[in-house]
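Hi,

Here is the structure I said I would pass on. Have a look at it first, and my notes on what turned up follow below.

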Number of protein chains: 2
Amino acid sequence: MPAPVTIDPAPEKIVPNGQSTLHEDVVNKLRELIFDGQLADETRIPEKQLCARFGISRTPLREALKVLAREGLISLLPHRGARVVKLKPSDIDEVFPVMGALEAVAGEAACRNISEEGIAEIRALHYQMALHHTRGERADYFRLNQRIHEKIMEAAGNPTLSQIYKSLSLRIRRARYMANIPQQRWDQAMAEHELILQTLAARDGAKLGQLLKTHLLNKSEVVKATISDSPP
Amino acid sequence: MPAPVTIDPAPEKIVPNGQSTLHEDVVNKLRELIFDGQLADETRIPEKQLCARFGISRTPLREALKVLAREGLISLLPHRGARVVKLKPSDIDEVFPVMGALEAVAGEAACRNISEEGIAEIRALHYQMALHHTRGERADYFRLNQRIHEKIMEAAGNPTLSQIYKSLSLRIRRARYMANIPQQRWDQAMAEHELILQTLAARDGAKLGQLLKTHLLNKSEVVKATISDSPP
DNA sequence: GGCGGCCATTATGAATTCAAAAATGTCAAA
DNA sequence: TTTGACATTTTTGAATTCATAATGGCCGCC
C-alpha cells in the first residue's frame with residue numbers, strides 16, 4: 001500500500017499530562033472522533049493506525065476500546081476488531097423513553113431541591129434560547145436547549161442519575177445533532193419549554209416530570225426521522 | 001486468622017475458552033468476588049496478587065479493571081491502584097429512584113407488549129414467591145422476586161432499558177442481598193406484588209408504572225437501613 | 001473461467017519487559 | 001522519642017514482544 005495522502009506531522013498526539021491517565025484521554029479522544037464522524041459507522045477501527053495517529057502504544061488504546069464498548073459506542077468482536085456501532089431508528093425508540101423517564105425523575109427532584117437562583121439561571125437560559133428560536137438560529141438554540149436540560153439534571157442533585165443520563169446522551173449525540181427539525185415542531189418544542197419553565201418555577205414536580213417525559217418523546221420522533229433515511 | 005479450611009490447588013483459574021475473551025471472563029469473575037465480599041470495601045486490589053490467583057497476566061486484568069471502574073463498582077486512582085467502592089446510604093438514595101423510574105417505564109411498555117403466556121409465567125412465579133413468603137423462606141423469596149422484576153423488564157422489549165437497569169442492579173446488589181427485611185415490611189411488599197400482578201394482568205400501564213415506582217421506593221428504605229450501620 | 005482449499009500475511013489477544021510514581025523503611029537530628 | 005529527609009522497594013502505567021486466530025492472495029481443480 002502506498003503512503004497515505006494526508007501527512008500530518010503531529011496529527012493529534014496525545015501528550016501525557018501528569019494528572020489524568022493516558023487511557024482516559026484516549027477514551028475522550030475516540031469519543032470525539034466518533035461524534036465528528038471521522039470514525040464512520042460500521043467501519044473497522046484499525047488499532048495500529050490509531051496508535052500511530054495518537055502516538056501511543058496499543059496497550060492504552062485497547063483499554064480505551066474496552067471502556068467505549070461498555071458504553072455502547074463501539075462493538076468488540078473477538079479477533080475481529082472494533083467497529084463503531086451504527087445508530088438505528090430502533091435505538092432511538094429504545095433510548096428516548098429511558099431518557100424521558102430519567103428527566104422526569106430529575107424534574108421531580110429538581111422541584112424539591114433547586115434554589116431560587118437556580119431557577120433564575122434557567123429562566124435566563126430559557127429566554128436566551130427563545131431569542132435564538134425567534135431568530136431562527138438553530139445551532140445556538142440547540143446549545144442552549146442542551147444546557148437547560150443539563151441544568152435541570154444538575155439541580156436534581158443525583159450524581160448517579162446524571163451519570164446515566166449523560167452516558168445515554170452521548171450514545172445518541174450523533175443523531176441529535178443531525179436533527180434537522182421542521183419549523184412547526186420547533187415552535188411546538190419552544191412552547192413546551194415555556195411550560196417547562198413555568199412549572200419548574202411553580203415547583204410542581206409531578207407535572208414537570210410529565211412535561212419533560214412527553215417533551216423527550218416528541219423529540220424522539222424528529223430524531224428518528226432524521227436517521228431513518230439511512231436504514232439499518 | 002488461621003488458614004482457610006478449603007484449600008483449592010487451582011483456586012479459580014480462568015481457563016481461556018475459545019469463544020469469550022479473557023478479559024470478559026475476568027470482569028465477571030471480579031464481579032463475583034466483589035459480591036461475595038471476598039474483595040472487601042475500600043481495600044486496595046493488588047494487581048499482582050489477583051493475577052497469580054487467576055493465573056493470568058496483568059494486561060487482561062487491567063482491562064477488566066477499567067471496565068469495572070466504568071460500571072462504578074471500583075474506583076481507579078492514577079498510580080494509586082483500584083479499590084472497591086463502598087456502598088453509602090446516599091448511593092441507595094440515588095440509585096433507587098432511578099431504578100424505580102426505569103421499572104415504571106418497563107411496566108408501561110410491558111403492559112403493551114407482553115403476551116398472555118408471559119403474564120401466565122409471571123403469575124406462576126408470583127404465587128411461587130407467595131408460597132415462600134408464607135413459609136418464611138427469605139432467600140427463595142428474594143430469588144423469585146428478582147426474577148419477576150427481570151421478567152417485567154424483559155417483557156418491555158427494550159434492550160437498552162434492560163442493560164441500564166441491570167447495570168444499576170449490579171451496583172447495589174451487595175446491599176440488596178444483605179437486606180434483613182422486617183416481617184411487617186415483607187408483608188407489605190408481598191401485598192404490593194399482589195397488586196402489581198393484577199395491574200399487569202389488566203394491562204394498566206400507567207398504574208403499573210406508578211406501583212413499581214413506589215414499590216422500589218419502599219424497598220429503598222429497607223435497604224438503606226441495612227447498610228446504615230456501617231457509616232460512610 | 002469460476003470455485004475451493006492451502007499458505008502467507010496481518011491484526012488481534014495476551015504475556016513480558018521497561019519506566020516512573022508512590023509506598024515503605026531506615027537513619028539521623030531535634 | 002518523635003519527626004523528617006533520603007534511599008530502597010514495591011506497584012502501577014505504558015511499551016514491546018510473542019502467540020494465535022482471521023484475512024487475503026494464490027494455485028490447483030472442477
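On the surface near DNA strand C, the largest share comes from α3(B), with three residues. Keep in mind as you read that this is a predicted model. Besides α3 of chain B, the elements that give two or more residues to that surface are β1 (44-45) and α3 of chain A. In total, 18 residues surround DNA strand C, and the closest are A:Arg58, A:Arg62, B:Leu22, B:Ser57 and B:Thr59. Of the strand C atoms that come within 4 Å of the protein, sugar and phosphate make up 72%. By residue class, the surface near DNA strand C splits into five nonpolar, six polar and seven charged.

A few polar contacts to strand C are worth pulling up in your viewer. The side chain of B:Ser57 has an N or O atom 2.5 Å from a phosphate oxygen of DNA strand C. From chain A, a polar backbone atom of A:His79 sits 3.4 Å from a phosphate oxygen of DNA strand C. The side chain of A:Arg44 places an N or O atom 3.3 Å from a sugar or linking oxygen of DNA strand C.

Now to the other DNA strand. Which residues come closest to DNA strand D? They are A:Leu22, A:Ser57, A:Thr59, B:Arg58 and B:Arg62, out of 16 residues that surround DNA strand D. Here 70% of the DNA strand D atoms within 4 Å of the protein belong to sugar or phosphate, and the rest belong to bases. The surface near DNA strand D is made of five nonpolar, six polar and five charged residues. At least two residues of it come from each of α3 (58-71) of chain A, β1 of chain B and α3 of chain B.

Two of the strand D contacts go to bases. A polar side-chain atom of A:Thr59 is 2.8 Å from a base nitrogen of DNA strand D, and an N or O atom in the side chain of B:Arg58 is 2.9 Å from a base nitrogen of DNA strand D. On the phosphate side, a backbone N or O atom of B:His79 lies 3.3 Å from a phosphate oxygen of DNA strand D.

That brings me to the turns, where the two histidines show up again. In chain A, β2(A) and β3(A) form a hairpin with three residues between the strands, and A:His79 takes a positive phi near 65°. In chain B, the hairpin of β2(B) and β3(B) also has three residues between its strands, with B:His79 in the turn at a positive phi of about 65°.

The sheets behind those hairpins go like this. Chain A has an open sheet of three strands in the order β1-β3-β2, with antiparallel pairing. There, β1 and β2 of chain A are at the edges with a single partner strand each, so one side of each has no neighbour in the sheet. Strand β2 (residues 74-77) of chain A pairs with strand β3 (residues 81-84) of chain A in the antiparallel sense over four bridges. If you want to check the register, A:Leu77 stands opposite A:Gly81, and A:Ser75 has A:Arg83 as its bridge partner. Across β2 and β3 of chain A lies α3(A), running at about 115° to β2(A).

For chain B, the open sheet of three strands has the order β1-β3-β2, with antiparallel pairing. Why is one side of β1 (44-45) and of β2 (74-77) of chain B left without a neighbour in the sheet? Both stand at the edges, so each has a single partner strand. β2(B) pairs with strand β3 (residues 81-84) of chain B over four bridges, in the antiparallel sense. Helix α3 (residues 58-71) of chain B packs on this sheet, touching β2 and β3 of chain B, and its direction makes about 115° with that of β2(B). For the register, B:Ile74 stands opposite B:Val84, and B:Ser75 stands opposite B:Arg83.

Last, the contact between the two protein chains. How many residues does each chain bring to the contact? Chain A gives 31 residues and chain B gives 31 residues. About 2600 Å² is buried between chain A and chain B, with 59% of that from carbon and sulfur atoms. On the chain A side, A:Lys66, A:Arg70 and A:Glu94 lose the most area to chain B, together 23% of what that side buries.

Cheers

Note on methods:
Residues are numbered from 1 along each chain as its sequence is written. Chains are lettered from A and ligands numbered from 1 in the order in which they are written. This is a predicted model: local features need pLDDT of at least 70, side-chain atom pairs count only at pLDDT 80 or more; totals for chains, interfaces and linings use all residues. Side-chain values use heavy atoms; hydrogens and water are left out. Two strands pair if DSSP finds at least two bridges between them. Contact means heavy atoms within 4.5 Å. Axes are lines fitted to C-alpha atoms, for helices over the stretch in contact, and angles run from 0 to 180 degrees between N-to-C directions. A residue is near a molecule or strand if one of its heavy atoms lies within 4 Å of it. A polar contact is a pair of N or O atoms within 3.5 Å; within protein, one must be able to donate a hydrogen and the other to accept it, and residues adjacent in sequence count only if both atoms are side-chain atoms. Ala, Val, Leu, Ile, Met, Phe, Trp, Tyr, Cys and Pro count as nonpolar, Asp, Glu, Lys and Arg as charged, and the others, Gly among them, as polar. Buried area is the accessible area (1.4 Å probe) that two parts lose on being put together, summed over both.
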